[in-house]
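Please look over the sequence and the structure shown below before reading on. The report that follows takes up a few features in turn, beginning with a question about cysteines.

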Amino acid sequence: MTLSHPEIWAMIVGCAVLTIMIKAFGPVLLGGRDLPPWFTRVIVLMAPTLLCALVVTSVLAEGRSWSVGAHTVGVGVAAVLLWRRHSLVLAVVVAMAVTAGIRAV
């Protein structure tokens with residue numbers, strides 16, 4: 001099953017709205033009660049997961065197809081540098097240099 005571009009964006013917006021609604025109305029509906037620990041872990045991971053989906057879509061999608069190119073390698077290098085706790089500025093500069101180097105070849 002292949003989703004169209006508008007369907008993908010509708011799903012992303014729907015997830016964002018659901019995340020906002022849960023975070024906004026959750027405390028009101030619970031009335032001061034604590035959430036179960038398993039549910040708290042799921043809620044905490046919803047926003048980073050949505051951000052990850054947006055990054056992956058913007059990096060790998062080209063039109064109606066998926067593609068891997070120099071920009072993908074640059075983002076991968078930046079991700080590794082950030083994972084290894086290097087500065088954001090260094091990660092961006094190295095990613096730009098790697099991307100430009102691959103495109104020059």
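## The cysteines

Why is there no bond between the sulfur of Cys15 and the closest cysteine sulfur, in Cys52? In this model, which is predicted, the sulfur of Cys15 lies 13 Å from that of Cys52, and this is too far for a bond. A disulfide is a covalent bond between the sulfur atoms of two cysteines. For a pair to be counted here, the two sulfur atoms must be within 2.5 Å, and a search of the whole structure finds zero disulfides.

Cys52 is likewise in no disulfide, the nearest cysteine sulfur being that of Cys15. As for their surroundings, Cys15 is partly exposed, with a relative accessible area of 36%, and Cys52 also counts as partly exposed, at 45% relative accessibility.

## The chain as a whole

The protein chain holds four helices and two strands, and, read from the N terminus on, its elements follow the order α-α-β-β-α-α. The radius of gyration of the chain is 18 Å, whereas the globule rule gives 13 Å for 105 residues; the value is well over that figure, so the chain is more spread out than a compact globule. Taken along the principal axes, the box that the C-alpha atoms fill is roughly 60 × 35 × 20 Å.

Of the 105 residues in the protein chain, 15% count as buried, and the accessible surface comes to about 8000 Å², with 75% of it belonging to carbon and sulfur atoms. Among the contacts in the chain with a separation of 6 or more, 47% are between residues 24 or more positions apart.

## Helix α4 and its two sides

Helix α4 covers residues 88–104, and its length can be checked by a simple piece of reasoning: at 1.5 Å a residue, its 17 residues should span 24 Å, and the end C-alpha atoms are 24 Å apart, which agrees. Which residues of α4 are buried? They are Ala91, Ala95 and Thr99. Seen down the axis of α4, these buried residues fall within an arc of 60°, so they line one face of the helix.

The spacing of such residues along a sequence can be understood from a general property: an α-helix has 3.6 residues a turn, so residues three or four places apart point the same way. The cover over the buried residues of α4 includes α3, which consists of residues 70–83, while on the other side of α4, Val89, Met96 and Ala104 are exposed.

Note on methods
Residues are numbered from 1 along each chain as its sequence is written. This is a predicted model: local features need pLDDT of at least 70, side-chain atom pairs count only at pLDDT 80 or more; totals for chains, interfaces and linings use all residues. Side-chain values use heavy atoms; hydrogens and water are left out. The expected span of a helix is 1.5 Å times one less than its number of residues. Buried means under 20% relative accessible area, exposed over 50%, partly exposed in between (1.4 Å probe, protein chains only). The arc is that of the directions from the helix axis to the C-beta atoms. Contact means heavy atoms within 4.5 Å. The radius of gyration is taken over C-alpha atoms; the globule rule is 2.2 Å times the number of residues to the power 0.38. Accessible areas come from the Shrake-Rupley method with a 1.4 Å probe; for residues, only the protein chains shown count as cover.
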